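Please look over the sequence and the model shown below before reading on. The report that follows begins with one residue and then widens to the chain, its domains, its sheets and its core.

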Amino acid sequence: MRLDKYLADMGMGTRKEVKGLIRKGLVRVNDQVVKVPETAVTEEDQVVCNQVVVGYVQKEYYMLNKPAGVISATEDSRQKTVVDLIHTKKRKDLFPVGRLDKDTEGLLLITNDGELAHRLLSPKKHVGKVYYAKIRGEVTQEDVEIFKKGVPIEEDFTALPANLKVLQAGEESEIEVEIFEGKFHQVKRMFLAVGKEVMYLKRLSMGELKLDESLEPGEYRQLTEEELNKLRKGPIDLFKHNWQL
Ligand code: URA
């Protein structure tokens, strides 16, 4: 690829800025100053910009424990986004795989791997997502049964069957729910449909990927090879998978 694209992809500046750096003689390729932005380089070449070695990274994968108050978008002129939280990112083309509401916490995969994202989000794949929630009102066995059959939400929309586990029932209940689709405000709407309100929501897992509980809200880390391999194996049919995540 062209040297200016290589440097811009790796966040050394805009295409225009890196062209300036190259023309000023601040960029070396394999120990030679290169002043032509169109020069072809590969990942094998050693590229040094302003005395910093710039390795080329094709794909990045981060697990973020999303904090409340941050939006699931790539950029926004007024609000902080989940991608803004990845301070050590190399690539500029990172995006969140799916969306969590602004007030929802927990597992969010941030990557630039569009193919993997597509596989995890495709409505046909039914990748399971497990959430922990605090609910205003008593969650009952009847709710568990309704969720198992599929909660009717609107006239033309009944949620897919979901696994609801009551951790604590009372005026305020604690639950875990596994859902296999990802409609707008899905979990909140499912509880509203049975007359209850979600007060706190946190995603614990997505397919084979589990939130690393050592990450505080706002913290992130790169995925391990093992986690990546599990995700790459492709979504399994999670309807058969029932609570074995
Ligand atoms: N369901 C919701 O209601 N909100 C989320 O953020 C995720 C799932």
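Which residues does Lys 66 touch, not counting residues up to four places away in sequence? In this predicted model, where local features need pLDDT of at least 70, side-chain atom pairs count only at pLDDT 80 or more, and totals for chains, interfaces and linings use all residues, Lys 66 touches Ser 72, Val 82, Leu 100, Asp 101, Lys 102, Thr 104, Glu 105, Gly 106, Leu 108 and Gly 218; a contact here means heavy atoms within 4.5 Å. Residues are numbered from 1 along each chain as its sequence is written, and side-chain values use heavy atoms, with hydrogens and water left out.

Lys 66 lies in strand 5, and Lys 66 is buried, with a relative accessible area of 0%. Buried means under 20% relative accessible area, exposed over 50%, and partly exposed in between, with a 1.4 Å probe and protein chains only. Lys 66 and Leu 100, one of the contacts named above, are 34 residues apart in sequence, and their C-alpha atoms are 8.4 Å apart in space.

**Chain and domains**

The mean pLDDT, which is the predictor's confidence in each residue from 0 to 100, is 92 for the protein, and 95% of the residues reach 70 or more. Over residues 236–245, however, the pLDDT is below 50, although this stretch has 28 contacts in the model beyond near neighbours in sequence. Of the 245 residues of the protein, 47% count as buried, and the C-alpha trace spans about 70 × 35 × 35 Å along its principal axes.

The protein has six helices and 15 strands; these are DSSP runs numbered from the N terminus, with helices (H or I) of at least four residues and strands (E) of at least two. The division is into domain 1 (3–53), domain 2 (61–123 + 209–240) and domain 3 (129–206), with bounds that come from an automatic or database domain assignment. The centres of domain 1 and domain 3, taken over C-alpha atoms, are separated by 51 Å.

**Strand pairing**

An open sheet of four strands has the order 2-1-3-4, with antiparallel pairing. Strand 2 (32–33) and strand 4 (52–53) stand at its edges with a single partner strand each, so one side of each is left without a neighbour in the sheet. Within it, Val 29 stands opposite Val 47 in strand 3. Six of the eight residues of strand 8 are buried, so strand 8 is largely enclosed by the rest of the structure. The table lists three antiparallel pairs, where two strands pair if DSSP finds at least two bridges between them.

| Strand pair | Bridges | Opposed residues |
|---|---|---|
| strand 1 and strand 3 | three bridges | Val 29 and Val 47 |
| strand 8 and strand 12 | eight bridges | Lys 129 and Ile 179 |
| strand 8 and strand 13 | eight bridges | Arg 136 and Glu 197 |

**The largest nonpolar core**

A nonpolar core is a set of buried Ala, Val, Leu, Ile, Met, Phe, Trp, Tyr and Cys residues joined through side-chain atoms within 4.5 Å. The largest one has 33 residues, and those with the most contacts inside it are Ile 110, Phe 147, Val 177 and Phe 191. Among the elements that give two or more residues to this core are strand 5 (61–66), strand 8 (129–136), helix 4 (141–149) and helix 5 (186–193), and the core draws at least three residues from each of domain 2 and domain 3.

Leaving aside neighbours within four places in sequence, Phe 147 is in contact with Leu 160, Pro 161, Ala 162, Leu 164, Val 177, Met 190, Phe 191 and Val 194. Met 190 and Phe 191 are among the buried residues of helix 5, together with Gln 186, Val 187 and Lys 188. Helix 5 is followed by Gly 195, whose phi is positive, near 80°.

**A buried threonine**

Thr 111 is found in strand 7 and is buried, with a relative accessible area of 0%. The side chain of Thr 111 reaches the backbone oxygen of Glu 60 at 2.6 Å, while the backbone nitrogen of Asp 113 lies 3.0 Å from a polar atom of that side chain. Not counting residues up to four places away in sequence, Thr 111 touches Glu 60, Tyr 61, Asp 93, Leu 94, Phe 95 and Val 97.

Note on methods
Polar contact = N/O pair within 3.5 Å; in protein donor to acceptor, adjacent residues only side chain to side chain.
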